[in-house]
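Student: I would like a close look at a single part of this structure. Please pick one chain and follow it from its edge to its interior. Keep it brisk.

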Amino acid sequence: MKNVPLEAGLILSGILFVLGLISVLTRRNIIFMLISVEIMLNAAGLAFIVAGARWAQADGQIMFIFILTMAAAEVSVGLALILQIYHQLKTLDSDAANKMRG
Amino acid sequence: MKELLWLIPALPFAGALMLIMLGSRSSKNLVPFIGAGSVGLSALLTLITGIQFLSVGDNVWTQQVWNWITVMNLNLNFSFYLDTLSLVFIFVITFVGFLIHLYSAEFMREDEGYARFFIFLNLFVGSMLILVLADNLLLMYFGWEGVGLCSYLLIGFWYNEEKNGYAARKAFIMTRVGDTALAVALFMLFTTLGTLNIQEIATKAPEVWAVGSSVVVLIGFLLLGGAVGKSAQLPLQSWLPDAMAGPSPVSALIHAATMVTAGVYLIARMHVIFELAPLAQTWVGIIGAITLLIAGFSALTQHDLKRILAYSTISQIGYMFLALGVGAWSAAIFHFMIHAFFKALLFLGAGAVIMLLHHEHNIFRMGGLRKKMPVIFWTFLIGSASLAALPLITGGFYSKDQILWFSLAGEKGNIWFFLAALIGAFITAMYTFRMVFVTFFGEEKTHVSHDAGWLIKTPLIVLAILSTFAGFIELPHTLGHVELFSGLLQPVLPDISLQAELTSKEFIIQLIAAGLSIGGVYIAYYTYVNNPAFASRIKSEINVPYNFWHAGWGFDALYNAVIMRPFVFISTLSKGDVIDRLYEGLVAIANFFNRVFASTQSGIMRWYMMAIVIGTLLVVTLSLLML
Amino acid sequence: MITFYVAATIAVFSTIMVITRYNMIHALLYLVVSFLAVAIVFYVLGAPFMAALEIIVYAGAIVVLIIFVIMMLNLKQESVEQERAWMGNNIFIGPGILSFILLAEIIYMITSSETNVLSEKVIEPKEVGITLYGPYAIGVELCGILLMSGIVGAYHLGRQKKKVVHRFLESQES
């Protein structure tokens, strides 16, 4: 394989991150927000791998393992919370959980 | 009896304390017994102490009661200082005070505030005694404030009437202005001399300041300011006529004999300062001279009996100030003593008249009283004669004549002082006997029901005797040259030196003065007894000045316009809490921003995300721009 | 290198499909495609182990978990309608502008530094493992704790507590 330029990898990571960001900002459904956060995390991990490949070291991949672990734990807890919210509020509208406000 | 010196002021305080604790529940006989008894004991003690003091021949007795303030270099003690000057004062205060207490025992008997009256009166006597016995200026200021407080309490004694409260507040506030000047003088004395002990000031002041140096002149003027407030001289004199709203014994004790003479005492005590500040001393004399004329003219036009006497007091204290101003220190004190006797007598007599006529104050509604109340009439007549300085037979003649002589012949005297005093003497005789003739002669306009009791008459008689015979202790050169009184005061107050070329003219001056006083009496007699139509004709012709003098030369109106109106105006303005608007505005702004920022916490998660994204964007942009 | 660009394009395209679907399951399926494409990118960049892990954990576990939960919620057709209603036409304007600016800045930052090429070296899992349990051992411990807390939290939060009502009030309630 020919060499891939660093910027390409990072720009790919950036684009994926921004797409995830747009999705978080526009979606009202809680599950879609969770999915969007996953997209963003994945993009961040991609950036780490790219960085690791630039220096030809394992550190980037290790960082990606940590991110992966964290994402897994977060999703499980988040889904449990979503279930609770659904049982309490009978809806998946994130605007319904707005009792804490000024 | 040197160790018992402290009892003299302490006994009235003890009397007041006992009465406070016993209250008005005690019987009507116990209250005056304690009230008058404490002052009587004080008077007795004064007599004994005085005799001992004079026979031993010491110049000074001091007694330290306790150590009051010792802070760095400020060392003040609660200690009493007895020399002949304070001896004269405590003699007058306790003796006249005792007589007035006896009088009040009957005068205020029917009043429901009987015990309260004696409490305040005792407190007053105690404070005044502290004032004159103090050996340092701060203790004297303590007494000064105490008498001011008691004056307020006693003027507004019948507090249910609103105007009495106004008069009391007016007196207090006006004397407060003077008190502030006095306080500033105390501060200045302390910072420059480092001590407030009167004797130390007397020795240090000539060392520190040359004659006429500006600091000591300023101190002199400030002391004069304090004295002017308390003694009701120009420009703070308009509280005294209104203070007649209090009961007559109060007017007699406070506003004739003692409190208003506190200013005279102050200036006499601090004569060292005034000798170092000739400008201030001259102004003492000028103020005295102007005041005595102003008050004299005002007294001529009043028709309230007590107001005539009030203006008369202002005028006579003007004489004392005039004497102090020309350096005739002992003459001023002599006049103080004689004045205390006859003025207290006049006020007590006036009180008796008013009481027996069922609170009728207007002299033109009295008349023909000399048959119905003979004792009161004769004592009043003797007091008036003393006030008018009828020659040779009254004490007032000797004291006032001394002042007249010294105002011309003293080394600081001049012709203007003399003329002012002379005209003042003439007017004094006129208004005094106007008062006597209208009140006691002529036809009876208000019916008298009964005569007064012996508790009222006895003090009147005693004071009448004193006003006549007390003058004989100081006879002028031409009439026997008795110098008992000035000799008494000689260790304390310096003698006055005379301008040499005028010494021969003393007799002529005395003749002129005597002639004027008799002339004044005659004019009053002619106007009010012989030919009343003459009086009303004069009055209608000089209507405008008449009203002007009647209103006290317009000082009340002046102060009202210059001081009161702007003050009330500003108060009304700030009633809407103008200053607070600023703080309310700040609060409103804070509240507004609070609402704005609180509305961003809407609970909608997308908004929070958006906020985070905007923040991130800002940070990234800024960092890019920085790079 | 072509592999990289193709995979990158597929990843971006499928991500765009994820964020615009109304049906949750459709979005999740597109997400799986996106993850697969990213895994290929990993492989190209010399991290085969990571590619495998990505597919196993991310696509295989996390997405499946979300699908299970969605199925558990038992959402009907109206959720799709609801989603259609919420996502109107001009909903993308604000976030779009902001994100576009952010993207522009990121690209600017990336391209303003010197050009580098990524190495071809493939990093073996063995090497990753040694580095992981060597210098990064503490990270491993922390991840363990994190996972345990995730398990405990998920269990505890996922419980459905039945409301206990006294039997006298039960009849009133029903």
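Tutor: Start with a cut-off. A salt bridge is counted when a side-chain nitrogen of Lys or Arg comes within 4 Å of a carboxyl oxygen of Asp or Glu. The model is a predicted one, and chain B is the part to follow.

Begin where chain B meets chain A. B:Arg606 pairs with A:Asp95 in a salt bridge; the closest N and O atoms are 2.7 Å apart, so the pair falls inside the 4 Å limit. The rule finds 1 salt bridge across this interface. It also finds 1 residue pair in polar contact there, both residues at pLDDT 80 or more. Helix α27 of chain B, residues 605–626, contributes the most to the side that touches chain A, with 6 residues. Sorted by class, that side of chain B holds 7 nonpolar, 3 polar and 1 charged residues.

Now the extent of this contact. It brings 11 residues of chain B against 14 residues of chain A. The buried area comes to about 970 Å², and carbon and sulfur atoms give 66% of it. On the chain B side, the residues that lose the most area are B:Met605, B:Arg606 and B:Met609, which together make up 48% of what that side buries. B:Arg606 thus appears twice: in the salt bridge and among the residues that lose the most area.

Chain A also has an interface with chain C. Set it beside the first. Here 79 residues of chain C meet 65 residues of chain A. About 7,000 Å² is buried, with 78% from carbon and sulfur atoms. C:Tyr58, C:Trp86 and C:Leu118 supply 10% of the area that chain C buries against chain A, more than any other three residues. The salt-bridge count between these two chains is 0. Polar contact is found for 5 residue pairs, both partners at pLDDT 80 or more. Seen by element, the helices of chain C that each supply at least two residues to this side include α1 (2–20), α2 (24–44) and α7 (137–157). The most comes from α3(C), with 13 residues. By class, this side of chain C divides into 55 nonpolar, 16 polar and 8 charged residues.

Back to chain B, this time its interior. The chain has 27 helices and 4 strands. Of its 627 residues, 56% count as buried. Among contacts between residues at least 6 apart in sequence, 80% join residues at least 24 apart.

Helix α4 of chain B is a good example. This helix runs over residues 114–133, and its 20 residues should span 28 Å at 1.5 Å a residue; the end C-alpha atoms are 29 Å apart, which agrees. Of those 20 residues 18 are buried, so α4(B) is largely enclosed by the rest of the structure.

Next, a single residue. B:Thr313 sits in helix α14 of chain B, residues 305–325. Its relative accessibility is 0%, so B:Thr313 counts as buried. Beyond its neighbours within four places in sequence, B:Thr313 is in contact with B:Leu240, B:His255, B:Ala256, B:Val260, B:His339, B:Lys343 and B:Phe347.

Finally, the charged pairs. Over all chains, the structure holds 13 salt bridges. One of them joins B:Arg269 to B:Asp83, with 3.0 Å between the closest N and O atoms. B:Arg269 belongs to helix α11 (262–269) and B:Asp83 to the loop between β2 (74–82) and α3 (84–107), so the pair ties together parts of chain B that are 186 residues apart in sequence. Both B:Arg269 and B:Asp83 are buried.

A second pair is B:Glu145 with B:Arg176, at 2.9 Å between the closest N and O atoms. B:Glu145 is in helix α5 (137–155) and B:Arg176 in helix α6 (162–193), so this bridge links parts 31 residues apart in sequence. B:Glu145 counts as buried at 18% relative accessibility, while B:Arg176 is partly exposed at 31%.

A third pair is B:Arg365 and B:Glu360, whose side chains meet at 3.2 Å, N to O. B:Arg365 is partly exposed, at 46% relative accessibility. B:Glu360 is buried, at 15%. The last step returns to the edge of the chain: salt bridges that share partners join A:Arg28, A:Asp93, A:Asp95 and B:Arg606 into one network.

Note on methods
Residues are numbered from 1 along each chain as its sequence is written. Chains are lettered from A and ligands numbered from 1 in the order in which they are written. This is a predicted model: local features need pLDDT of at least 70, side-chain atom pairs count only at pLDDT 80 or more; totals for chains, interfaces and linings use all residues. Side-chain values use heavy atoms; hydrogens and water are left out. Contact means heavy atoms within 4.5 Å. Buried area is the accessible area (1.4 Å probe) that two parts lose on being put together, summed over both. A polar contact is a pair of N or O atoms within 3.5 Å; within protein, one must be able to donate a hydrogen and the other to accept it, and residues adjacent in sequence count only if both atoms are side-chain atoms. Ala, Val, Leu, Ile, Met, Phe, Trp, Tyr, Cys and Pro count as nonpolar, Asp, Glu, Lys and Arg as charged, and the others, Gly among them, as polar. Buried means under 20% relative accessible area, exposed over 50%, partly exposed in between (1.4 Å probe, protein chains only). The expected span of a helix is 1.5 Å times one less than its number of residues.
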